[in-house]
Amino acid sequence: MFNSLSDRLNDTFDRLRGKGKLTEADITSAMRDIRMALLEADVNFKVVKDFVAKTKERCMTAEVMESLTPAQNVVKIVLDELTELLGSTESKLVLSSRIPNVIMLVGLQGSGKTTAAVKLAYLLKKQGRSPLLAACDVYRPAAADQLATLGGEIGVPVFRGDGKDAVEIARGSIREAVDNMRDVVIVDTAGRLQIDEQMMQEAVDIKRAVKPDQVLMVVDAMTGQDIVNVVSTFAERTDFDGVIISKLDGDARGGGALSVRQVTGKPIKFVSMGEKPDSLETFYPDRMAKRILGMGDVVGIIEQAQEMADAKQIENAKRMLRDGFTMDDMLEQMAAVKKMGGMKGILSKLPGGQRALNQMGGNLDEKIFDRNEAIIHSMTKAERLKPSIINGQRRARIARGSGTTPADVNSLMKQWGEMNKMMGKMRSMQQQASGKKGKKGKKMRMPSIPGMGNLGAMGGMPGLGGGADMDMLRQMEQQMRRK
């Protein structure tokens with residue numbers, strides 16, 4: 001996601017940081033590099049032209065040119081302008097008090113409307129809603145079957161009607177929702193390989209028939225420059241309220257997504273970062289801008305960790321801070337990392353993480369979790385609860401039982417030791433945050449997982465969950481940003 005753009009922009013910033021003071025020529029050269037980076041990322045030409053002009057004008061002020069840290073000021077200005085380009089503030093999905101609320105999805109065929117409908121239903125269901133999916137694509141073979149299959153996987157019913165008249169199916173879905181106490185109807189409409197009058201008119205007719213509370217357009221991030229023409233036409237005919245960007249994880253450029261907000265004035269509400277039902281994320285312009293500039297999204301990781309935390313995990317977090325870290329805890333943390341997108345998913349949200357990932361060619365040994373799980377399962381209950389009792393003889397036995405080597409066991413033991421040390425430092429930080437006496441915390445060094453450098457401890461975040469003091473979490477974020 002935005003990999004090449006992020007690399008190009010950071011290379012430009014690195015060159016600026018190498019200069020004590022910036023001249024007009026330095027700014028001009030940097031803006032030229034930024035322009036080329038955006039164009040190569042497939043951002044619309046007019047959007048690039050306006051973005052660079054506004055950024056350059058702000059960078060040429062005396063406040064920037066004569067400051068002690070001009071390069072940092074330039075980065076801040078680019079961040080501000082990029083956030084503005086993406087929408088300045090988040091635009092959450094606002095549902096009315098009407099029962100049922102109706103959300104209508106529009107877009108071209110292949111844009112990912114059907115899977116986006118299911119992901120949105122899954123998200124709303126997690127929020128306590130009772131969604132109903134309406135299969136209004138009566139043209140694509142097996143479209144209703146696909147929706148029914150995906151809906152069944154997440155436990156959301158699908159209304160198919162007679163399977164022939166899209167407008168009548170949409171109307172029928174409203175009656176079905178009322179009869180069965182469903183408070184949200186998500187209408188999956190038909191698409192075409194390209195814009196045509198029949199498709200547009202049908203979308204207009206469905207909108208007129210069901211009067212949706214929200215019309216969302218699903219846009220494939222890999223559409224590129226054509227995205228501008230597509231969204232402009234749909235905006236004119238259906239007057240949609242917001243955009244869902246699909247397949248954002250599948251395009252290293254992603255420039256089309258950067259053009260949508262500026263061209264249409266419509267906010268990006270969600271982005272889809274994978275194929276699983278839980279891969280639809282609320283879009284935060286400021287966080288996305290920071291990720292593009294290599295600043296990470298630590299807040300996003302913390303929120304994701306808190307969302308995953310349940311009562312048991314919160315109690316476990318308190319116990320870990322009090323008594324230390326066991327191998328059973330490590331098993332739970334590895335499972336949590338997988339749920340949060342694996343090491344790649346977490347690393348991409350850490351400051352500088354995506355760039356480090358790009359430099360590694362995107363290669364991380366995710367199988368390390370499977371290997372470590374096998375090692376832990378080969379331990380006795382006593383060894384898992386108190387790993388410090390594991391001596392050389394026990395390590396040899398564990399390696400044989402797990403089909404690994406003593407070196408692999410030693411590596412896991414080292415990780416456990418570092419996690420235990422970190423728990424001690426976190427305990428001290430929590431005591432300081434709550435006003436208790438404690439040792440002055442040194443700069444936190446995060447434990448390592450092979451293939452992930454010294455960032456592996458992020459697997460421990462889910463264990464903190466809602467039970468951790470937010471001041472402590474903010475301190476952790478600050479520690480990581482200093483690295």
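Which residue in E8 does Val 271 stand opposite? It's Glu 281, and that pair turns up in one of the close-ups below. Keep in mind that everything here comes from a predicted model.

**Figure 1. The whole chain, before zooming in.** The chain has 483 residues, and 51% of them count as buried. Its secondary structure comes to 23 helices and eight strands. If you look at contacts between residues at least 6 apart in sequence, 74% of them join residues at least 24 apart.

**Figure 2. An open sheet of eight strands.** Reading across the sheet, the order is E3-E2-E4-E1-E5-E6-E7-E8, with mixed pairing. The edges are strand E3 (158–159) and strand E8 (280–282), each of which pairs on one side only. At the E8 end, E7 (residues 268–272) and E8 run antiparallel and are joined by three bridges. This is where you'll find Val 271 facing Glu 281.

**Figure 3. The stretch that carries a UniProt label.** An unreviewed UniProt entry annotates residues 267–280 as "domain: SRP54-type proteins GTP-binding". In the model, those residues are 43% strand and 0% helix. From one end of the stretch to the other, the C-alpha atoms are 16 Å apart.

**Figure 4. Strand E4 and its two neighbours.** Six of the six residues of E4 are buried, so the strand is largely enclosed by the rest of the structure. Val 184, Ile 186 and Asp 188 point one way, while Val 185, Val 187 and Thr 189 point the other. E4 runs parallel to E1, with five bridges between them, and Ile 186 is the bridge partner of Ile 103. E4 also runs parallel to E2, this time with six bridges. Here, Thr 189 of E4 stands opposite Cys 136.

**Figure 5. Two helices laid across the strands.** Helix H6 (residues 113–126) lies across E1 (101–106), E2 (131–136), E4 (184–189), E5 (214–220), E7 and E8. Its direction is at about 170 degrees to E4. Helix H9 (residues 197–210) lies across E1, E2, E4 and E5, and runs at about 175 degrees to E1.

**Figure 6. Nonpolar cores.** The largest nonpolar core holds 73 residues, and Ile 206, Phe 234 and Ile 245 touch the most other members. Helix H5 (residues 70–86) gives the most to this core, with nine residues. Domain 1 (2–86) and domain 2 (101–283) each supply at least three residues to it. There is also a second, separate core of 24 residues, including Leu 120, Leu 133, Leu 216 and Val 218.

**Figure 7. Ile 77 in helix H5.** Ile 77 sits in H5. Buried or exposed? With a relative accessibility of 6%, Ile 77 counts as buried because the cut-off is under 20%. Leaving aside residues up to four places away in sequence, Ile 77 touches Thr 55, Arg 58, Cys 59 and Val 64. The C-alpha atoms of Ile 77 and Lys 54 are 9.6 Å apart, with their positions 23 residues apart along the chain.

**Figure 8. Asp 220, a buried residue of strand E5.** Asp 220 lies in E5 and is buried, at 13% relative accessible area. Sequence neighbours up to four places away aside, the residues that Asp 220 touches are Gly 110, Ser 111, Ile 227, Ser 246 and Lys 247.

**Figure 9. Ser 6 and its distant partners in sequence.** Ser 6 belongs to helix H1 (residues 3–17). At 1% relative accessible area, Ser 6 is buried. Outside the four places to either side in sequence, Ser 6 touches Arg 291, Ile 292 and Gly 294.

**Figure 10. Backbone oddities in three loops.** Most residues other than glycine have a negative phi, and most peptide bonds are trans. The bond from Ile 99 to Pro 100 is cis, with omega near -5 degrees, and Pro 100 is in the loop between H5 and E1. Ala 142 has a positive phi of about 65 degrees; this residue is in the loop between E2 and helix H7 (143–154) and is partly exposed, at 47% relative accessibility. Lys 211 also has a positive phi, near 45 degrees. Lys 211 is in the loop between H9 and E5, and at 58% relative accessible area this lysine is exposed.

Technical notes. Residues are numbered from 1 along each chain as its sequence is written. This is a predicted model: local features need pLDDT of at least 70, side-chain atom pairs count only at pLDDT 80 or more; totals for chains, interfaces and linings use all residues. Side-chain values use heavy atoms; hydrogens and water are left out. A nonpolar core is a set of buried Ala, Val, Leu, Ile, Met, Phe, Trp, Tyr and Cys residues joined through side-chain atoms within 4.5 Å. Buried means under 20% relative accessible area, exposed over 50%, partly exposed in between (1.4 Å probe, protein chains only). Helices (H or I, at least four residues) and strands (E, at least two) are DSSP runs, numbered from the N terminus. Domain bounds come from an automatic or database domain assignment. Contact means heavy atoms within 4.5 Å. Two strands pair if DSSP finds at least two bridges between them. Axes are lines fitted to C-alpha atoms, for helices over the stretch in contact, and angles run from 0 to 180 degrees between N-to-C directions. UniProt positions are given in the numbering used here, feature names are shortened, and annotations may be inferred rather than shown by experiment.
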